[in-house]
Amino acid sequence: MTRSLPPGQIEIDEFPRFGLTDYAERYHPDIPPLEIAIRGDITTEITLSAQEMALLPRQNQRSDFHCVTTWSTCDLPWAGVRFRDFYEKLIVPLAHPKAEATHVIFRSHDGFRARLPLADLLADDVLLADTLKGAPLCPIHGAPLRLVAPAHFGYKSIKQIKAIEFWIEDTHFRPPALKFMDHPRARVAHEERGLWFPGWFLRYLYRPLVKKTILLFKRTIKD
Ligand SMILES: Nc1nc2c(c(=O)[nH]1)N[C@H]1C(S)=C(S)[C@@H](COP(=O)(O)O)O[C@H]1N2
Ligand SMILES: [Mo]
């Protein structure tokens, strides 16, 4: 069966550990405790832990994963909670975000960061995932908790979340890479790979880096 992939994507069999080369060495095999600091334009600063997360309904989902550098891994089985439930059932009642605080920033233990508009995060298929292929998420793929946003390029699916911020202004985010590499939405279907250049152009810039980056990210895994 031939699958239809989004424009410019090529299916690979594995699901490699991946990211910006600067982050390859920042791998730590120990899983930090599940604690998410909630900050920004909110009334009450809170830290959420596994205890609160356990109150949310669980969700299983199979989805394709698309890295901006053009590789895709198809049909990954995730489990976790929907970001929408997390927002409506924990964030709103406990942290009281301002209604206009729609710029969401995620921060990770390795220093990586990602932003998405709140409206995109409330989609049905956006998960805070703690399980992959029926097993607890491993450190390689972002334990204890990562985002899975299948409609967006992989750089939005931040691993090892340690803080989530809700801001009114769009001024609090410093991209982890060069500015042109960070699209505010990065929707796969629209090939929003980055800023200033068309998506099809960035394919040719990124594709030659894939093999080297996969190898680098494999080499830097410590047990
Ligand atoms: N914390 C963190 N999250 C991250 C990254 C990273 O380097 N650090 N890389 C991003 C990129 S570019 C991709 S493609 C995916 C890869 O997910 P994987 O390493 O679980 O395959 O993670 C994303 N989330
Ligand atoms: Mo990526």
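**Exercise 1. Find which residues Asp182 touches, leaving out residues up to four places away in sequence, and describe its setting.**

*Solution.* Start with the contacts in this predicted model. Asp182 touches Arg115, Tyr155, Lys156, Phe173, Pro175 and Leu195. Next, place the residue along the chain: Asp182 belongs to the loop between β11 (161-167) and α5 (199-206). Now look at the side chain, which makes a polar contact with the side chain of Arg115 at 2.7 Å. Finally, decide whether Asp182 is buried or exposed. Its relative accessible area is 5%, and buried means under 20%, so Asp182 is buried.

**Exercise 2. Tyr155 is one of the residues that Asp182 touches. Work out what surrounds Tyr155 and which backbone oxygens its side chain reaches.**

*Solution.* First, locate Tyr155 in the loop between β10 and β11. Then list its contacts, setting aside neighbours within four places in sequence: Val68, Phe112, Ala114, Met181, Asp182, His183, Ala186, Glu192 and Arg193. Two backbone oxygens come next. The one of Met181 is reached by the Tyr155 side chain at 3.4 Å, and the one of Arg193 lies 3.0 Å from a polar atom of that side chain. With a relative accessible area of 15%, Tyr155 is buried. For a sense of distance, step to Leu118, 37 residues apart from Tyr155 along the chain: the two C-alpha atoms are separated by 16 Å.

**Exercise 3. Describe where ligand 1 sits and which residues are closest to it.**

*Solution.* Begin with the site: ligand 1 occupies the largest pocket. Then look at its surroundings, made up of 19 residues, the closest being Pro16, Asp110, His141, Arg146 and Lys159. Now go through some polar atoms one at a time:

- An oxygen atom of ligand 1 is 2.5 Å from an N or O atom in the Lys159 side chain.
- An oxygen atom of ligand 1 is 2.7 Å from an N or O atom in the Arg146 side chain.
- A nitrogen atom of ligand 1 is 3.1 Å from a polar backbone atom of Ser157.

To finish, consider the covering of the ligand. Taken alone, ligand 1 exposes 530 Å², and the protein buries 97% of that.

**Exercise 4. Decide whether Gln61 is buried or exposed, and find what its side chain reaches.**

*Solution.* Look for Gln61 in strand β4, residues 59-66. Its relative accessibility is 11%; with the cut-off for buried at under 20%, Gln61 therefore counts as buried. The side chain of Gln61 reaches the backbone oxygen of Asp125 at 3.0 Å. Not counting residues up to four places away in sequence, Gln61 touches Leu76, Pro77, Trp78, Asp124, Asp125, Leu127, Val148 and Pro150.

**Exercise 5. Compare the settings of Thr70 and Trp196, each with a positive phi although not a glycine. Then look at the peptide bond from Ala143 to Pro144.**

*Solution.* Take Thr70 first. Its phi is about 100 degrees, and Thr70 is found in the loop between β4 and β5 (71-82). At 2% relative accessibility, Thr70 counts as buried. Turn to Trp196, where phi is about 75 degrees. Trp196 is in the loop between β11 and α5 and, at 64% relative accessibility, counts as exposed. The last step is the peptide bond from Ala143 to Pro144, which is cis, with omega near 5 degrees. Pro144 is in the loop between β9 (135-136) and β10 (146-148).

Methods
Residues are numbered from 1 along each chain as its sequence is written. Chains are lettered from A and ligands numbered from 1 in the order in which they are written. This is a predicted model: local features need pLDDT of at least 70, side-chain atom pairs count only at pLDDT 80 or more; totals for chains, interfaces and linings use all residues. Side-chain values use heavy atoms; hydrogens and water are left out. Helices (H or I, at least four residues) and strands (E, at least two) are DSSP runs, numbered from the N terminus. Buried means under 20% relative accessible area, exposed over 50%, partly exposed in between (1.4 Å probe, protein chains only). A polar contact is a pair of N or O atoms within 3.5 Å; within protein, one must be able to donate a hydrogen and the other to accept it, and residues adjacent in sequence count only if both atoms are side-chain atoms. Contact means heavy atoms within 4.5 Å. A residue is near a molecule or strand if one of its heavy atoms lies within 4 Å of it. Accessible areas come from the Shrake-Rupley method with a 1.4 Å probe; for residues, only the protein chains shown count as cover. On a 1 Å grid over the protein atoms alone, a cavity is a set of points where a 1.4 Å probe fits but cannot get out, and a pocket is an open set with protein on both sides within 12 Å along at least five of seven lines; lining residues have an atom within 4 Å of a point. A molecule sits in a cavity or pocket if more than half of its atoms lie within 2 Å of its grid points.
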